[in-house]
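Could you walk me through this structure in my viewer? I would like to know what to select at each stop and what I will find there.

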Amino acid sequence: MDIVLRTRSLFHYNIDALPEQQKAEFKRVYPNPAEYKLSNFRNDVVNWLSQQYGSDLDTSGKKALRLTQNGNRRSADILLVAPHKRYSRYVGERPEDQTIVEGVLFITTGGTHIVNYPKQHSDNMTAKHQVTNEWLKPTVRIYKNMRNRMLEKGIIKAGVAPSYFMEGLLHNVPAENFGGSYAQTVVNTFAWIDGNAPADFMCANDVHPLIRDNTPTSWSVQGYIDWLNGMKTLWKGW
């Protein structure tokens with residue numbers, strides 16, 4: 001189970017795409033950083049959760065807190081985020097004078113800032129599921145099961161193929177490759193994936209490239225290659 005806790009006491013932003021005049025206007029409106037930071041939010045959340053759950057709270061994770069399983073309570077990863085706004089236009093304070101892509105930002109314990117777009121991801125996956133006549137979601141589950149089988153057999157290592165990236169991968173596949181039967185859908189979708197340039201693939205949020213090195217929001221090139229070769233090995237030995 002995953003839980004996202006978001007503070008509304010601050011927001012992070014990216015104004016790199018703005019022309020200099022619009023950057024100046026933005027900085028006039030927001031001259032100073034927020035006094036309440038995401039690190040303050042983390043401290044407040046950790047203090048409250050510690051009071052409620054004691055030693056069941058694990059704070060050692062690089063990205064998320066973890067509430068361990070206890071009795072009937074399932075384990076849960078708790079991600080702490082703040083709003084993030086990526087501006088491509090800012091000519092005034094009114095919403096109609098701004099063009100923004102809204103997402104969320106979290107910071108790893110190592111200080112890496114990661115911006116993601118969960119609403120866009122969810123909306124786009126839902127739309128693609130409908131366009132494929134509801135074949136997308138069961139196909140994603142099949143791919144995840146195949147990933148798990150590869151892990152059990154030692155074909156790939158843990159962490160090579162995160163579920164998030166497999167969802168994004170299948171979001172790129174044209175709708176006509178889904179349908180008929182589950183077996184045929186796997187054959188058709190994988191053939192399309194293997195036959196197209198991974199550099200052109202986008203995450204399901206349509207903001208980040210799916211496969212790139214040196215960025216925490218994309219699947220590493222080697223990770224993708226290992227998964228691709230693992231799928232072929234698994235299929236041949238089925």
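Start by selecting Glu25, which sits in helix H1, the element covering residues 20–29. This is a predicted model, so keep that in mind at each stop. Is Glu25 buried, exposed or something in between? Glu25 has a relative accessible area of 22% and is therefore partly exposed, since buried would need a value under 20% and exposed one over 50%.

Keep Glu25 selected and add Glu102, which lies 77 residues away along the chain. Draw a distance between the two C-alpha atoms, and you should read 19 Å.

Next, colour the whole chain by secondary structure. Seven helices and seven strands should show up. Follow them from the N terminus and you will pass β-β-α-α-β-β-β-β-β-α-α-α-α-α.

Now zoom out to the full C-alpha trace, whose extent along its principal axes is about 60 × 50 × 30 Å. The chain has 238 residues, and 38% of them count as buried. Turn on contacts, if you like: taking those between residues at least 6 apart in sequence, 57% link residues at least 24 apart.

Switch to a surface view for the next stop. The chain exposes about 13800 Å², with carbon and sulfur atoms supplying 48% of that area.

For a last selection, pick the charged side chains. You will find 28 positive and 23 negative ones. How far apart are the centres of the two sets? They lie 4 Å from each other.

Methods: Residues numbered from 1 in each chain as written. Predicted model: local features only at pLDDT ≥ 70, side-chain atom pairs only at ≥ 80, totals over all residues. Heavy atoms only, no water. Helix = DSSP H or I, 4+ residues; strand = E, 2+ residues; numbered from the N terminus. Buried < 20%, exposed > 50% of the residue type's maximum accessible area, 1.4 Å probe, protein only. Contact = heavy atoms within 4.5 Å. Areas by Shrake-Rupley, 256 points an atom, 1.4 Å probe, with all protein chains shown as cover. Lys, Arg positive; Asp, Glu negative; His and termini not counted. Charge placed at Lys NZ, Arg CZ, Asp CG, Glu CD.
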